[in-house]
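Hi,

Here is the structure I promised to pass on to you. Have a look at it first, and then read my notes underneath.

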Amino acid sequence: MDLKGKTTPAGWLIGEQVTFAADHTGGYFSDCYYVQKEGRKAFLKALDIEKFDISLIGWLLNAFNYEADLAKLCRDKRLVRISQVIEYDKVERDPAAPPVLRYVPFLIFELADGDIRATVDVSKDVSDQWRFKVLHQTTLALLQLHKEQIAHQDLKPSNVLRFSDRLKLGDLGRSSLRGKAAPHDSEAIAGARNYAPFEQRYGYLRADWLERRLSVDVFHLGCLLIFNFTNTCFPELVINRLADAYKPGVWGDSYEQVIDHIKAAMIDVLSELSEEFPEAFRRDMTDIVLDLCDPSPTSRGRAGIEKSRAGPLWLERYASKFDVLQKRAAIKPQAKNA
Amino acid sequence: MLDDQRPRRVVPRWRPSWVTATNAEARSTSPPGKPTEGSKSREDLEVSHKIQEFQVLRSVPVAAELMFLASATGNEVAARQAAELILANQEQIGAKQLVKSAKQVLNADVPNRLESTSRDFVRHARTLLGIDYRNPVLLIDTARELTARRHERTALRYVRAAVAMAPNSRFVIRAAARYYLHVGEHEVAHELLRRSPLLASDPWIQASEIAVATVRGKTSNLVRQTVRLLGDAKQVGAEMTELASAVGTVELLSGSNKKAKILFKHALSNPNDNSLAQAEWAATKLNLVVGHQALMTPMSYEANSHNAYRRLEISQAIEHAVKWAKDEPFASRPMDAQCYLLSLEGRYSEALEAAKIAHDLDGDEIGPSLNLLFAQIQAGDLDEAMEAFLRLTRHPDIKSHTTHYYANGGALAYALGYFEQAQEFYQRAIRSSRMRGEPNAEGLARAFFARLATQAGDPQAPVIVQEAVEKVPRLPSAGAIFVVQGLVGSAKRKELQATADGRVAKRKWRWDAITNTLMLLES
């Protein structure tokens with residue numbers, strides 16, 4: 001599919017196709033282009049209907065429309081920490097194509113400077129303050145979504161985008177709005193496999209929306225902390241530490257029966273990983289990961305909170321925690337005899 | 001003379017979590033759900049997407065994501081490419097987990113994590129519990145280590161916490177039941193199993209409940225339905241082996257040999273070390289064949305040690321007993337067995353070490369105390385031996401162990417050079433064993449009498465040896481035959497070996513129904 005040179009209904013000129021760059025997040029089913037209008041640059045994500053079998057097109061259109069609806073909802077609700085959609089429409093792909101393939105739906109998003117991965121590279125000198133800032137701003141973005149009863153479900157380092165003034169969350173392609181069925185609802189793993197919560201790896205799905213959807217974001221936030229400081233994918237490390245009998249794909253009994261073994265492996269891994277955390281914040285960070293990545297979706301992220309008070313905003317206190325950690329990290333240690 | 005006739009309990013093994021994880025016991029009873037076509041193709045798409053990204057963005061974080069994703073999905077080539085980039089930057093990264101993972105992907109030499117059961121284990125475990133105490137698996141592992149060090153009361157706190165946190169865990173419940181049995185709280189062990197939510201569906205918990213009920217002299221409510229279920233089955237899986245042997249035992253004891261035979265055959269189709277021991281016991285009565293293949297069952301150290309002992313392969317028996325002791329460090333039986341076997345070989349200083357450990361683990365039990373006394377005498381620790389000998393006269397259980405006690409008196413007298421008193425003690429031991437109907441003990445008394453008389457230079461030694469050579473082959477103890485073999489010429493030695501070999505196929509076990517224990521007899 002080549003949309004280069006075409007103009008969208010709102011007047012955006014479609015430019016070069018993007019292969020892979022750090023300034024956007026595309027998704028698996030879309031083609032991406034740079035677009036320009038009156039000197040302003042943006043990023044277009046078009047559903048690549050050519051790539052797929054015609055039988056899938058209905059499903060793909062549904063999924064794309066679902067994402068578009070969520071993106072518009074975020075814009076309408078002024079969720080400023082979510083990558084803003086500028087235009088959602090259709091563009092003619094090929095005038096000679098049959099009607100169903102003639103137009104491709106697209107979304108135009110504001111163009112980011114890049115995602116956070118390059119800025120949390122463990123082979124480079126990165127300040128702890130920045131790493132905590134990423135976590136703080138991501139938590140605030142998640143809270144904006146959660147307030148609107150939206151679970152992102154695919155929070156990963158490449159979906160945390162850098163803009164000049166702040167960080168924003170991108171790619172709502174796997175998100176879920178409470179009360180509205182999504183085309184991907186039936187999939188066991190909604191987001192990236194690298195960061196999928198343990199229960200999803202075992203095919204254990206809770207009926208409750210908070211536990212099934214929102215707790216995924218909570219888990220992902222814990223994984224983001226680990227990635228920011230160690231560049232490792234926490235769930236994979238834990239699963240590798242499990243005995244073969246308890247691994248996903250081998251274990252067939254209830255998830256509850258394997259949770260204790262996951263927990264033991266998780267603590268084992270964390271005891272080693274925490275050595276890589278800055279010493280001054282080690283205890284705090286370890287406790288945060290233990291809570292955010294709790295293998296039980298029922299208790300995840302709720303350490304110290306009564307279950308009866310469960311609501312969609314239980315990440316609020318983590319926003320404060322990361323803010324405090326960010327500020328503490330900004331304070332330069334004083335010389336002893338100063 | 002030593003006591004090799006201590007009872008064997010048929011209860012769940014208590015092994016560290018990482019060892020249990022390698023057994024059938026750890027496997028789930030249901031097969032895992034198969035991944036759908038959709039999820040597989042999405043996974044492939046995700047990997048190819050990440051590979052494309054890596055080709056453009058060759059940074060450490062992107063390489064890390066690709067490495068973890070590709071290794072998890074079996075794409076080795078991509079995983080290795082990503083790992084190579086990470087290792088190319090290892091100087092800047094430092095010795096971190098990411099580099100370790102990359103080395104593992106490239107099969108570089110990375111030391112495996114030490115699964116330590118050493119002294120440091122408890123310290124390490126406490127560090128991990130300091131990170132998060134809500135770790136029932138580790139709590140149980142720590143309790144096991146503490147129990148092995150005779151800190152049962154401290155271990156109790158860990159066991160209680162683990163059970164409270166993980167009432168649905170097969171590993172935790174079985175281990176906790178084993179702990180309570182170990183400390184003599186049979187009723188608590190039984191209640192724990194009976195109240196487990198897993199009892200209705202989990203064959204491992206059911207097997208434990210049936211076994212522990214028998215320890216309490218009761219018959220589990222589960223027996224009837226299990227007999228019906230397994231009796232009709234054409235084949236049963238490895239997860240049912242303990243359950244089949246547990247109900248097979250109950251059936252055998254109630255006289256239903258036909259049903260028992262079917263159940264034990266099921267148990268032997270995929271045995272574990274525990275069900276193998278049970279089947280061995282039942283083999284003679286039911287004409288079951290427990291073949292050599294069964295002895296290859298992983299972790300059957302105890303069964304193999306006994307088997308080697310009966311074949312008079314004492315060095316091999318010791319090797320298996322050492323592994324058995326590592327497998328059950330909280331139990332005194334393996335150390336007691338080691339003490340006995342080492343004494344047969346005349347390795348008394350090692351026997352003394354084993355006896356001390358067994359004695360420490362078993363408190364003031366009479367059996368290990370008498371074994372320790374014998375080892376002390378033979379190791380030349382005579383002052384302490386004399387003191388212990390006098391002290392043991394006041395032991396409340398001494399009357400049931402008079403044969404052993406008199407024999408130790410004989411050994412002590414020989415060590416002190418009092419030949420006549422030694423002969424008198426040994427004759428009393430032999431008379432006592434005959435009066436009490438203990439042919440095994442009689443064999444051992446005669447054999448050690450002959451050995452010690454010879455070693456001490458007793459002028460009566462030739463007569464004593466001759467008497468032992470005549471009587472011991474007619475008595476059931478394989479150990480006694482081994483001792484006498486060392487006192488005779490090669491022709492007689494071969495004859496004695498043939499006697500022992502002939503018995504291997506005719507082993508018999510005696511069942512103590514009250515305590516659900518097995519007593520090994522030699523036929």
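**A helix pair to start with**

α4(B) and α6(B) cross in a left-handed way. Do bear in mind from the outset that this is a predicted model. To find the pair, look for helix α4 of chain B at residues 76-88; its axis lies 9 Å from that of α6(B), and the two pack at an angle of about 135°. That angle makes α4(B) oblique to α6(B). On the α4(B) side, the contact is made by B:Ala79, B:Arg80, B:Ala83, B:Ile86 and B:Leu87. The α6(B) side brings B:Leu98, B:Val99, B:Ala102, B:Lys103 and B:Val105. Sort these residues by class and you get eight nonpolar, two charged and no polar ones.

**A second pair in chain B**

Next, try helix α12 (residues 203-215) and helix α14 (residues 241-253), both in chain B. How would you describe their arrangement: roughly parallel or roughly perpendicular? Their axes cross at roughly 30° and come within 8 Å. Angles under 35 degrees count as roughly parallel, and α12(B) and α14(B) are therefore roughly parallel to each other. The crossing of α12(B) with α14(B) is left-handed.

If you want to click through the residues, α12(B) uses B:Pro203, B:Trp204, B:Gln206, B:Ala207, B:Ile210, B:Ala211 and B:Thr214. They meet B:Glu242, B:Leu243, B:Ala246, B:Val247 and B:Val250 of α14(B). In this contact there are nine nonpolar residues, two polar ones and one charged one.

**Chain B as a whole**

Now zoom out. Chain B has 29 helices and three strands. Of its 523 residues, 50% are buried. Take the contacts in chain B between residues at least 6 apart in sequence: 55% of them join residues at least 24 apart.

The chain is split into three pieces: domain 1 (8-24 + 116-287), domain 2 (41-105) and domain 3 (301-521). Notice that domain 1 of chain B is written as two stretches, 8-24 and 116-287. How many Å separate the C-alpha centres of domain 2 and domain 3 of chain B? They lie 62 Å apart.

One residue to pick out here is B:Arg157, which sits in helix α9 (residues 152-165) of chain B. Is B:Arg157 buried or partly exposed? A residue needs 20 or more other C-beta atoms within 10 Å to be buried; B:Arg157 has 13, so it is partly exposed. Its C-alpha atom is 12 Å from that of B:Tyr133, and the two residues are 24 apart in sequence.

**Chain A**

The domain assignment for chain A gives domain 1 (13-110) and domain 2 (115-330). The C-alpha centres of these two domains of chain A are 27 Å apart. Where they touch, domain 1 of chain A gives 16 residues and domain 2 of chain A gives 24. The domain 1 side of that contact holds nine nonpolar, four polar and three charged residues.

Have a look at A:Glu50 too, in the loop between β3 (40-47) and α1 (57-76) of chain A. A:Glu50 has 13 other C-beta atoms within 10 Å, which means that it is partly exposed. Between the C-alpha atoms of A:Glu50 and A:Val104 the distance is 9.7 Å, although the two are 54 residues apart along the chain.

**Where the chains meet**

Finally, put both chains on screen. There are 50 residues of chain B in contact with 46 residues of chain A. Several helices of chain B each supply at least two residues to its side of the contact, among them α2 (37-56), α3 (60-73) and α7 (120-131). By class, that side of chain B has 24 nonpolar, 18 polar and eight charged residues.

For a close-up, go to helix α7 of chain A (residues 255-273) and α7(B), which pack at an angle of about 95° with their axes 10 Å apart. That makes α7(A) roughly perpendicular to α7(B). A:Ile267, A:Asp268, A:Leu270 and A:Ser271 of α7(A) make the contact with B:Thr127, B:Leu128 and B:Ile131 of α7(B). Four of the residues in this contact are nonpolar, two are polar and one is charged.

Cheers

Definitions and conventions: Residues are numbered from 1 along each chain as its sequence is written. Chains are lettered from A and ligands numbered from 1 in the order in which they are written. This is a predicted model: local features need pLDDT of at least 70, side-chain atom pairs count only at pLDDT 80 or more; totals for chains, interfaces and linings use all residues. Two residues are in contact if their C-beta atoms, placed from the backbone, lie within 7 Å. Helices (H or I, at least four residues) and strands (E, at least two) are DSSP runs, numbered from the N terminus. Ala, Val, Leu, Ile, Met, Phe, Trp, Tyr, Cys and Pro count as nonpolar, Asp, Glu, Lys and Arg as charged, and the others, Gly among them, as polar. A residue is buried if 20 or more other C-beta atoms lie within 10 Å of its own, exposed if 12 or fewer, and partly exposed in between; C-beta atoms are placed from the backbone. Domain bounds come from an automatic or database domain assignment. Axes are lines fitted to C-alpha atoms, for helices over the stretch in contact, and angles run from 0 to 180 degrees between N-to-C directions. Angles under 35 degrees count as roughly parallel, over 145 as roughly antiparallel, 65 to 115 as roughly perpendicular and the rest as oblique. A crossing is left-handed if the near helix is turned anticlockwise from the far one by less than a right angle, and right-handed if clockwise.
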